[in-house]
Amino acid sequence: MAATLLPELLLALVGAPGDAFVVRGSSLVLADEIDWVSPPEREQLNRLAALGAHYAALEAFVEATSGSNLGGLDAGAALPPSLYRLALSNGISELLDVFRSAVLRVEAHLLHLATPLPLLTVQHFLLEWETLLPEAAALVGEVEGRGLAGAAVMRVLSLRAHSGAPAVQSCAQRLLWHCRQVLFKQLESWLVHGMLLDRAGEFFVRRSDGAEDGAGGRGGAASPSPLRVGAGAAGVGGGMLDWEPLEWHAGFQVSLSDLPPDVSLPTAEAVLFIGKAVRVLKQPMSSAASHQALRAHAEILGFSQTLHRLQAAEDFSAAQFDHCIESMRAKVSSLLWDLVQHRCDLMGQFEAVRSYFLLGKGDFYQLFLDEARALLAGEPKPNTAEADIALAFQQSALKSTAETDPLFAALALRWMPADRAAQPEGEGGPPKWHPARCASITVPRGDAWDGLFLECAVEWPLQLLFPPEVLSKYGALWQHMFRLRRVQLGQEEAWATLQALQHRKAGDDSLPRVPAALRAALSQERQQQHHFVRQARNLALYLSMDVVDASFSQLRSAILSAGDFSAADAAHRQYVDSLVSQAFLDMKQLMLHLEDILRRCRELCTLVQRVADGHLDGAAEALRGISKQWRLKQRLFYTMLSSGRILRAPALRQLVTRLNFNGFAERQASAGLGWGPGVTAGGTRAGA
């Protein structure tokens, strides 16, 4: 009896239930009016008809997704359609085509047989689909119910691709293949052309927050960046090069939430690097570099063939994909390195950074501190402080070897009040490359001139090697070494003044007549001040020789042996991080102790100058108090360094050796612990 319902069943299977089958809830069942079917046959018919309900749900998803895609093409559409959901609907449409073919085969058997086809035979033909269609309908329901798009759709499919049911596994893999077609198209657009083909925001590489196309992404309220085109490149590439460095460092990022399955974070970072490098390599070049640009363009176009081979493969191999991306990264990094070497004097730029940011050009900074002595001795005037100090900076260059240095023109000394350091950049605060933006670095504070910072306009394309975080660390190192140099010179002047006061002749009216008690205190302080000067000089020598000179020689070797841009960039970052680490700027507690020591040194210098100016009241007591505090802070500083809690060899060993020259610091620490004069921490008498 049920055989007469087979034509109606076949129509119901493809979404046309007719009169025999009715929709009940979310399923299709045999109508109750047909009461001449036995209960077992009704159960079998209902079981098969349920496939029609799943078919209808899948077909509705395909139609809705295709309709939203057509509507998303309108200019007034609120949100662009999801390309990954569209790819999924294409895969579902392909699945439904296969199901319709299976139904047609059943119909063909039905037409060619003289006797009616048993229900068990129909069920046998569609046995695989009793697993596939419900699973596909559940998948579509999850995607629609949770509003999934992009990588989230691929993750759901990836979970089902590991199913224990072979039919479900192969179906999920095929649907995943359809979604990967979108991924590979986006990869090709980014890796070959440097363009983001991602209107719906589903690709794992995306623009950073606030970044826009072109120069407008910087915003008018932000501070001007030192990453600007120099005079040598002003005619090359026009305004595009003006925003390119900012885009390189902060224009794009990897979105972790949009990472597809089987794409690791290191591989995604490599994809990000390749696309950014391609955008740089496609910038307009000079005629002298046109042959290099053509070679780079030809090699980059070869990436398309590699991606097409991976795209056409039925099975996705994560290992093969990672190897492919790494090969592209190595090739692009080599091309980028050729560009950097061809267009600029790399080591010359590093030498300039060392000379000015790390105080390597000693004659210039000596003249500058002499030129700006009176200015730095007073309080900065908010309206003219930057112009005043910049004038002294430029005048010092005219009197030193910096005058003939072509790279000096890229430098600018600026000043920012301390109260603006904590403000956001858009509200007048420091820019992202300012030392104050380095939260992990603590620079010992000095006086109201702490707002001084050095700015450098790096030439294109060297800006690629100087991201804002590296420039901010260079700026912090400059502030630390410059403040230390100021304290050192102040101590030397104070020691000379003490010498003059101690040996003042009777007829010398340039210096005040010092009472006997104060003369005795000054005599004792003169010896102590000699230790002050020596300690500051030893700390400066450690930074300039043991840290900067030694690290720079390692950087030179690494740059000369670098085979691509990534190796050079990593060597440069390691160099800067090594400078910060060996200067202990990342150890806040230690820097606070050093700040106290330097503060006592400045107080002593101020007091000595007041005595030289004739202000003698209370000078002896103040001298003893400052010296006592200095010795205490010095002992704490040295004890912390030599306690063994700071694991930073060999830098720590070199610094301790410098500070403990002739065992002075160790004797001071021993005296502070009550071991008596001349007894070292090891229990032996100094000099024994």
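Let's start at G150. This glycine is in the loop between α5 and α6. Buried or exposed? G150 is buried, at 2% relative accessible area. It has a distant partner along the chain. G150 and E202 are 52 residues apart in sequence, yet their C-alpha atoms are 4.8 Å apart. One caution before I go on: this is a predicted model.

Stay with α5 and α6, and add α7. These are the elements that give two or more residues to the lining of the second largest cavity. That cavity has a volume of about 70 Å³. The lining is L132, E135, A136, L139, L157, R160, V168, C171, A172 and L175. By class, that is eight nonpolar, no polar and two charged residues.

Now α7 itself, residues 166–193. How far apart should its ends be? There are 28 residues at 1.5 Å each, so the expected span is 40 Å. The end C-alpha atoms are 39 Å apart, which agrees. The helix is mostly covered, with 21 of its 28 residues buried. Just after α7 comes G194, with a positive phi of about 70 degrees.

Same check on α11, residues 318–343. It has 26 residues, so it should span 38 Å. Its end C-alpha atoms are 37 Å apart, again in agreement. The buried residues in α11 include F321, C324, I325, M328, R329 and V332. Further along, S333, L335, L336, W337, L339 and V340 are buried too. For reading that list, remember that an α-helix has 3.6 residues a turn, so residues three or four places apart point the same way.

Next, empty space. A search of the whole structure finds 10 cavities of 30 Å³ or more. The largest cavity holds about 110 Å³. Which residues are closest to its centre? Of the 14 lining residues, they are Q535, A536, L539, I597 and Q634. Four helices each supply at least two residues of that lining: α16, α17, α19 and α20. The lining has 11 nonpolar and three polar residues, and no charged ones.

The largest pocket is another matter. Its volume is about 800 Å³. It is lined by 29 residues, and the closest to its centre are L376, A377, R486, G490 and C605. The elements that give two or more residues here are α13, α14, α16 and α19. So what classes make up the wall? There are 10 nonpolar, seven polar and 12 charged residues. If you plan to set up a grid there, keep those charges in view.On to the aromatics. The whole structure has 26 aromatic pairs. One of them is F203 with F204. This pair is tilted, at 4.7 Å centre to centre and 45 degrees between the planes. F203 is buried, at 1% relative accessible area. F204 is buried as well, also at 1%.

Another pair is F368 with F393. Here the geometry is edge-to-face: 5.4 Å centre to centre, 85 degrees between the planes. F368 lies in α13 and F393 in α15, so the pair ties together parts that are 25 residues apart in sequence. F368 and F393 are both buried. They also belong to an aromatic cluster. The cluster is formed by Y356, F364, Y365, F368, F393, F408, W478 and F482.

Two charges sit over rings. The charged end of R174 is over the ring of W177, 4.2 Å from its centre. The charged end of K276 is over the ring of W248, 4.8 Å from its centre.

Last topic: backbone angles. Most residues other than glycine have a negative phi. Two residues here go the other way. D262 has a positive phi near 70 degrees. Where is D262? It is in the loop between β4 and α9. At 42% relative accessibility, D262 counts as partly exposed.

F584 also has a positive phi, near 60 degrees. Its place is the loop between α18 and α19. F584 counts as buried, at 2% relative accessibility.

Definitions and conventions: Residues numbered from 1 in each chain as written. Predicted model: local features only at pLDDT ≥ 70, side-chain atom pairs only at ≥ 80, totals over all residues. Heavy atoms only, no water. 1 Å grid on protein atoms, 1.4 Å probe; cavity = no way out; pocket = protein on both sides within 12 Å on 5 of 7 lines; lining within 4 Å. Points joined across faces, edges and corners; volume = space filled by probe spheres on them. Nonpolar A, V, L, I, M, F, W, Y, C, P; charged D, E, K, R; others polar. Expected span 1.5 Å × (residues − 1). Buried < 20%, exposed > 50% of the residue type's maximum accessible area, 1.4 Å probe, protein only. Phe/Tyr/Trp six-rings, centres within 6.5 Å; stacked < 30°, edge-to-face > 60°. Lys NZ or Arg CZ within 6 Å of the ring centre and 35° of its normal.
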